[in-house]
Amino acid sequence: MPETILETRDLRKAFGALLAVDGVSVQVQAGAIHSIIGPNGAGKTTFFNLLSGNIRPTSGQVLYKGRDITKLPLYRTAHIGMGRSFQITNLFPNLTAFENVRLACQAMGRNNFSFWQPARHFTRYTDRTVAILEQVGLAERAGQLAGTLPHGDQRKLELGIILGADPEVLLLDEPTAGMAAEQVPELMTLIQQIQQQGSKTVVLVEHNMNVVMSISDRITVMHQGQVLAEGTPAEIAANETVQSAYLGGLYELDQQDREPAA
Amino acid sequence: MNAQTTGRFAWKSHIGFIVTVVGLAALPFIMAVMEGLPVGSLLANDSSTAKFLQGLLVEVFILAVFAISYDLVLGVTGLLSFGHGMFFAFGSYLTGVLLKTFGWPLWAVLVGAVVAGLFNALLFAVVLPRVKGITFALVTLGIASVFDILIRTQELNPYTGSDVGLQGIPRPDFLNPVDDRLRFYYVTLAFAILVYLIYKRFVDSPTGRVCVATRENENRALTIGFNTFYFKLAALMVAGITASLAGMFNTLYKPLVSPEIAGLGFTVEGLLMLLIGGIGTLSGAMIGAAILRLMEYYLSRWFGESSAFILGAIYVLIVMFLPYGIVGTWRLRRLDIAAGRQRLLSMFTGRQRETPDEGKL
Ligand SMILES: Nc1ncnc2c1ncn2[C@@H]1O[C@H](COP(=O)(O)OP(=O)(O)OP(=O)(O)O)[C@@H](O)[C@H]1O
Ligand SMILES: [Mg+2]
């Protein structure tokens with residue numbers, strides 16, 4: 001019986017009258033790739049924001065390794081081992097790609113209040129940064145300002161920032177959003193590699209059904225803030241409710257996603 | 001930014017710094033020579049024109065420190081403080097009161113100014129976790145206004161001189177701008193240089209980098225695990241101490257305290273210095289302070305009454321044509337040049353740029 005690393009109990013978030021997340025209970029197994037899918041507006045990003053502490057739930061609980069982290073301050077979640085990427089690119093735009101990752105590396109160390117040594121002298125962070133930039137394929141862009149990177153590179157940088165903290169759980173909200181189609185497999189392979197090498201847990205929101213079906217260990221389907229179904233990729237593919245309510249529609253959506261890049 | 005990771009441009013900025021420091025250190029002597037005075041008379045504190053110009057530069061150094069401290073809060077850390085003038089005014093008043101009413105020795109006044117700076121920083125920090133952005137601006141403005149009102153009250157008249165301000169403050173022997181202006185000049189110059197170097201180091205340090213990250217994207221800084229409150233507090237404390245010390249030198253130099261420095265106008269003047277020099281550039285703040293003070297002086301000397309109008313026109317021109325200030329625009333240009341060169345290079349080496357960023361949100 002694999003261990004549950006992340007769990008929500010009857011999680012709810014209301015924006016005024018709208019229940020963006022409406023009683024979601026999910027268990028994420030340690031070491032798994034657990035995908036959350038669902039149509040636009042299903043509440044996936046809101047659910048992620050609740051997991052990572054970016055927003056507070058109206059009711060319900062989030063448990064990490066059995067510990068209630070519902071009220072944990074946002075900055076603490078990184079320290080207990082959760083790393084989060086954003087659907088809408090969320091970087092330090094006027095800092096270099098290098099500095100973006102270096103900051104993430106520094107955040108987990110004990111030198112945050114060294115106010116006298118130049119940051120570049122702390123080689124344990126700079127070396128690590130170089131390695132991560134290499135890993136996500138941004139080594140050549142290290143000196144470029146994050147805000148001026150092409151969109152695809154910004155997505156890679158998002159991933160690089162998470163790796164900086166070496167988290168146990170990676171919460172990836174559409175890591176390939178807006179990327180050119182030919183770049184998507186590369187990034188997904190990279191995510192798989194990272195997950196396997198570090199035996200990490202990945203919670204993934206992704207619209208591309210081919211990707212989701214091929215790499216997920218488990219899939220949760222969300223619809224209007226609620227869990228519509230949960231199971232292995234095979235079970236989800238065979239699930240009739242999902243088929244009629246969602247997958248049929250998603251096929252079109254999937255096509256649209258690809259068009260601009262083609 | 002490039003310079004930091006590769007160290008390629010570092011020597012250039014050092015040259016600028018060294019030339020400035022050497023130039024300012026030599027300036028009193030150069031001025032004496034230009035006036036045709038023997039250097040001896042300068043040391044004997046005789047020449048009145050040279051003495052006057054030294055005084056003007058002392059004011060520049062003090063304002064430059066005030067401006068750079070504001071830049072650390074506003075430009076580097078991104079804290080929209082509209083009460084920064086209070087840090088300076090508090091130090092000014094405290095120095096005056098301690099010297100005049102309580103007769104403290106200079107070293108004790110200095111300690112007092114540092115403590116006062118820390119106290120002010122904590123005062124601003126108390127509201128930090130609750131208010132952000134424009135609300136923080138209003139709250140700090142409010143705190144500063146309370147201070148402004150307090151020092152003008154009749155009840156505190158014996159200490160602060162209310163609307164008239166503090167006058168007749170005794171001058172300590174060691175730092176007496178009348179008897180030995182040259183020493184005062186070098187002490188304030190050294191102070192300004194020291195502050196600049198400390199600030200540079202601070203901003204380059206791990207702590208300072210997080211301050212910058214907080215300005216850039218506080219939500220992201222929190223998400224990757226920084227408790228940004230402490231970094232904002234650190235910036236406020238460093239700025240609070242330096243601004244308070246600048247206020248102390250201001251009182252020692254004048255030696256009087258005018259209630260004007262406690263008003264919003266003085267903070268706005270600091271803001272102008274940042275705008276002229278370039279927000280978030282540190283050196284820009286100091287250059288902006290120098291330009292502002294020198295322009296104020298020379299324009300009013302040359303044009304008299306109409307100088308305010310000319311000054312206003314120049315500000316507008318600077319903001320229009322150098323939207324990032326003098327230093328900010330210069331750095332951007334340099335980046336542009338570097339990027340252009342890279343583009344050119346990639347055309348020759350045939351390395352393709354990636355797809356245009358349509359999906360950018
Ligand atoms: N801060 C907010 N205030 C009000 N409504 C919000 C807020 N954030 C999200 N919503 C609403 O909550 C619902 C769920 O949004 P959410 O972004 O979680 O969906 P999603 O599943 O991530 O969609 P997508 O696939 O488009 O990313 C939407 O109807 C959205 O408009
Ligand atoms: Mg979303």
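Visitor: What makes you say where helix α5 of chain A lies?

Guide: This is a predicted model, and in it helix α5(A), residues 151-164, lies across β7 and β8 of chain A. Contact requires heavy atoms within 4.5 Å. The helix runs at about 160 degrees to β8(A). Angles here run from 0 to 180 degrees between N-to-C directions, so a value of about 160 degrees is toward the upper end of that range.

Visitor: Which strands does helix α6 of chain A lie across?

Guide: Helix α6(A), residues 184-197, lies across β4 (33-37), β8 and β9 of chain A. Its angle to β9(A) is about 155 degrees.

Visitor: What is the order of the strands in the open sheet of chain A?

Guide: The order is β7-β8-β9-β4-β10-β11, six strands with mixed pairing. From one strand to the next, the twist averages 15 degrees.

Visitor: Why are β7 and β11 of chain A called edge strands?

Guide: Each of them, β7(A) at 82-85 and β11(A) at 226-231, pairs on one side only. Pairing takes at least two bridges between two strands.

Visitor: How do you know that β8 and β9 of chain A pair, and do they run parallel or antiparallel?

Guide: Five bridges join β8(A), residues 169-173, to β9(A), residues 201-205. The requirement is at least two, therefore the two strands count as paired. They run parallel. One of the bridges links D173(A) with V205(A) in β9(A).

Visitor: Where does E174(A) lie, and what makes its phi worth a remark?

Guide: E174(A) lies in the loop between β8 and α6 of chain A. Its phi is positive, about 45 degrees, although the residue is not a glycine.

Visitor: What joins β10 to β11 of chain A?

Guide: Five bridges join β10(A), residues 218-223, to β11(A), and the strands run antiparallel. H223(A) has Q226(A) as its bridge partner in β11(A). The two strands form a hairpin with two residues between them, and Q224(A) in the turn has a positive phi of about 50 degrees.

Visitor: Which strands does β1 of chain A pair with?

Guide: Among them are β2(A), β3(A) and β5(A). β1(A), residues 4-15, shares three bridges with β3(A), residues 27-29, in the antiparallel sense. Three satisfies the minimum of two, so this counts as pairing. E7(A) has Q27(A) as its partner in β3(A). With β5(A), residues 59-64, there are five bridges, again antiparallel, and L6(A) stands opposite Y64(A). Five bridges also join β1(A) to β2(A), which run antiparallel; there F15(A) stands opposite L18(A).

Visitor: How many residues stand between the strands in the hairpin of β1(A) and β2(A)?

Guide: Two, and G16(A) in this hairpin takes a positive phi near 60 degrees.

Visitor: What makes a peptide bond between K254(B) and P255(B) a cis one?

Guide: Omega of the bond joining K254(B) and P255(B) is about -20 degrees, and the bond is listed as cis. P255(B) lies in the loop between α12 (228-253) and α13 (264-277) of chain B.

Visitor: How do you know that ligand 1 has polar contacts with T45(A) and T46(A)?

Guide: An oxygen atom of ligand 1 is 2.7 Å from an N or O atom in the side chain of T45(A). For T46(A), the corresponding side-chain distance is 2.6 Å. The cut-off is 3.5 Å, so both pairs qualify. A polar backbone atom of G43(A) also qualifies, because an oxygen atom of ligand 1 is 3.0 Å from it. The protein covers 61% of the 640 Å² of accessible area that ligand 1 has on its own.

Visitor: Which residues come nearest to ligand 1, and which elements supply the shell?

Guide: Of the 14 residues around ligand 1, N40(A), K44(A), T45(A), T46(A) and Q87(A) come nearest. β2 (18-24) and α1 (44-52) of chain A each supply at least two residues of the shell. The largest share, three residues, comes from α1(A). By class, the shell has five nonpolar, seven polar and two charged residues.

Terms used
Residues are numbered from 1 along each chain as its sequence is written. Chains are lettered from A and ligands numbered from 1 in the order in which they are written. This is a predicted model: local features need pLDDT of at least 70, side-chain atom pairs count only at pLDDT 80 or more; totals for chains, interfaces and linings use all residues. Side-chain values use heavy atoms; hydrogens and water are left out. A residue is near a molecule or strand if one of its heavy atoms lies within 4 Å of it. A polar contact is a pair of N or O atoms within 3.5 Å; within protein, one must be able to donate a hydrogen and the other to accept it, and residues adjacent in sequence count only if both atoms are side-chain atoms. Accessible areas come from the Shrake-Rupley method with a 1.4 Å probe; for residues, only the protein chains shown count as cover. Helices (H or I, at least four residues) and strands (E, at least two) are DSSP runs, numbered from the N terminus. Ala, Val, Leu, Ile, Met, Phe, Trp, Tyr, Cys and Pro count as nonpolar, Asp, Glu, Lys and Arg as charged, and the others, Gly among them, as polar.
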